[in-house]
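Thanks, everyone. I'll put the structure up and then go through the packing, the charged pairs, the cysteines and one part of the surface.

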Amino acid sequence: MIYAGGRILWPDVGSPAETTMALLGLVMVLVQGKGIRSSAALWLLLAAVVVQVLSWTLGYFHHPQWVADNPQVDRLAKLFIFIAVAWWLGGSTRNTLLVWGLAVIALLLTSVVQGNGLQEWIRGLEGHRVGFGVRNYQHGAMLFGVALLGLAVFAPRIMAPGRWRAARIMGWCLIFLVTVIAVMIGQTRAVWLALALCLPCVLVVWRLATRLLGGGRRLNRRLLLMGGGMALLVVLGAGSLLKGPLVERVGKESQVIGMLLEGDVEEMPYTSIGTRIHSWQAALEWIQERPLVGWGGTGRSLVIEHTPWLPETVKQSFGHLHNYFLEIWVAYGLIGVALIAALASWIGMATWRAWRGGALPGDMALFGVGFFLYWMVVNQFESYNSFWTGVYVHNLVVGGLITHYWRWQRDVKARDHFAERSGS
């Protein structure tokens, strides 16, 4: 994007350019990606196209008045842009970390030049909820949550002895401070919950790995204490500054949560959480009618627009279900859910094999574990993968992991080929 006088020039160029680059990237993979063309990722991409076409075709005969003009295969296919990203990174750890680092810097710059810029940060520090000019409040907070997770996991690498160590530590402290504040003033409870779950999980996995595998334990422990102490000071300081708004945000829906725990869903008011619960209840009613193949790509909007008992205020304000997995079930049925599960399983398996094979560094594998848990949690309360923000993060992270898996596969084939020639 190009900026002039605080305005974005040609804002409509971004989306077509994204689609064009994604398609060209996939074409290049198919043409030049020797060894990748037979990858399970491409078979899953083909399955995603088939699932969407099947759901649309059956919907065309069952409810033609509600189906789109075409199957809209990009709804699921865009989750496979990581194929082009992974191929482009070429299996390089350096390239992957560079791209991820640039993404964090770009996020910080975006929060300054988009929306109200620095004024928005000031409003956030005064206790107002802000979104940094990224779609809405939840999406901005989600992006900073991913950045915070990455900064925490890669802290030992950043603080490791070597050139520019003091500058690296100071830069990490500054960016970490800004990121923690951004997550707090974003005031998105799902992001707080996801971080509260994934950060301890990452710590436990790290401790188990170092205890079982050994190696570099003393260095990692010292860096962990250093980074953990700094992080604690940052969190406590920012928490003290924003104590009032944070406590209010956490306790705002206590009555609704109490009603949910008591099973009193019918009388639940349409607050932030209440609206989600009611829309999920409506989605389950639609799922019961077509559980296997769903209602097609427009399923989520059908639930909102054509559920008679949802109030008009909800129908006018929302067009999605605030839960990505329910949206997939409504749109593409159990076959769609199975596809997403298969994709997640393959990514997990590929990450594990790349790490065990020595192609994927331990901290990157650890980040993959933390991101998976974080992504599972936040997508339960907002349909991030249905919007460009989620697609961007998903493909950037997954592409960085899978590129190492493909490098591992190439290394294994090269070793096998060498062994065969040596044996002959």
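Start with Tyr 374. Leaving aside its neighbours within four places in sequence, Tyr 374 is in contact with Ala 141, Met 142, Gly 145, Val 146 and Leu 149, and also with Val 191, Ala 194, Leu 195 and Cys 198. Bear in mind that this is a predicted model.

Tyr 374 belongs to the largest nonpolar core, which has 88 residues. Tyr 374 is also among the residues with the most contacts inside that core, together with Phe 80, Phe 82, Met 142, Val 191 and Trp 346. Which helix gives the most to this core? Helix 17, residues 324-356, with eleven residues. There is also a second, separate core of 19 residues, and Met 268, Trp 280, Val 303 and Leu 310 are among its members. As general background, nonpolar side chains tend to be buried together in soluble globular proteins.

Val 303 takes us to helix 15, residues 299-306, where the buried residues are Gly 299, Arg 300, Leu 302, Val 303 and Ile 304. What do these buried residues pack against? Helix 14 (272-289), helix 16 (312-317) and helix 17.

Now the charged pairs. The count of salt bridges comes to three.

One of them involves Arg 300 from helix 15: Arg 300 pairs with Glu 327, and the closest N and O atoms are 3.3 Å apart. Since Arg 300 is in helix 15 and Glu 327 in helix 17, this pair ties together parts that are 27 residues apart in sequence. Arg 300 counts as buried at 19% relative accessibility, just as Glu 327 is buried, at 5%.

Next, Arg 157 and Asp 363, whose side chains meet in a salt bridge at 2.7 Å, N to O. Arg 157 sits in helix 8 (residues 155-159) and Asp 363 in helix 18, so the parts tied together here are 206 residues apart in sequence. Is Arg 157 buried or partly exposed? Partly exposed, at 36% relative accessibility. Asp 363, with a relative accessible area of 18%, is buried.

Then Glu 382 and Arg 276, with the closest N and O atoms 3.5 Å apart. Both residues are buried, and Glu 382 has a relative accessibility of 2%. Where is Glu 382 placed? In the loop between helix 18 (362-378) and helix 19 (388-423). Leaving aside neighbours within four places in sequence, the contacts of Glu 382 include Asn 136, Gln 138, His 139, His 320, His 322, Asn 323, Tyr 324 and Phe 387, besides Arg 276.

On to the cysteines. A search of the whole structure finds zero disulfides. Why is there no bond from Cys 201 to Cys 198? Cys 198 holds the closest cysteine sulfur to that of Cys 201, but the distance is 7.8 Å, too far for a bond. The cut-off for a disulfide is 2.5 Å between the sulfur atoms. Cys 201 is partly exposed, at 28% relative accessibility, and Cys 173 is partly exposed too, with a relative accessible area of 24%.

Last, the surface. Leu 98, Leu 102, Ile 105 and Leu 109 form a nonpolar patch there, with about 380 Å² of accessible area together. Leu 102 lies in helix 5, residues 93-113, and counts as partly exposed at 48% relative accessibility.

That's the end of my part.

Notes
Residues numbered from 1 in each chain as written. Predicted model: local features only at pLDDT ≥ 70, side-chain atom pairs only at ≥ 80, totals over all residues. Heavy atoms only, no water. Core = buried A, V, L, I, M, F, W, Y, C linked by side-chain atoms within 4.5 Å. Buried < 20%, exposed > 50% of the residue type's maximum accessible area, 1.4 Å probe, protein only. Helix = DSSP H or I, 4+ residues; strand = E, 2+ residues; numbered from the N terminus. Contact = heavy atoms within 4.5 Å. Patch = residues over 30% accessible without salt bridge, like charges linked within 9 Å, V, L, I, M, F, W, Y side chains within 5 Å. Areas by Shrake-Rupley, 256 points an atom, 1.4 Å probe, with all protein chains shown as cover. Salt bridge = Lys/Arg side-chain N within 4 Å of Asp/Glu carboxyl O.
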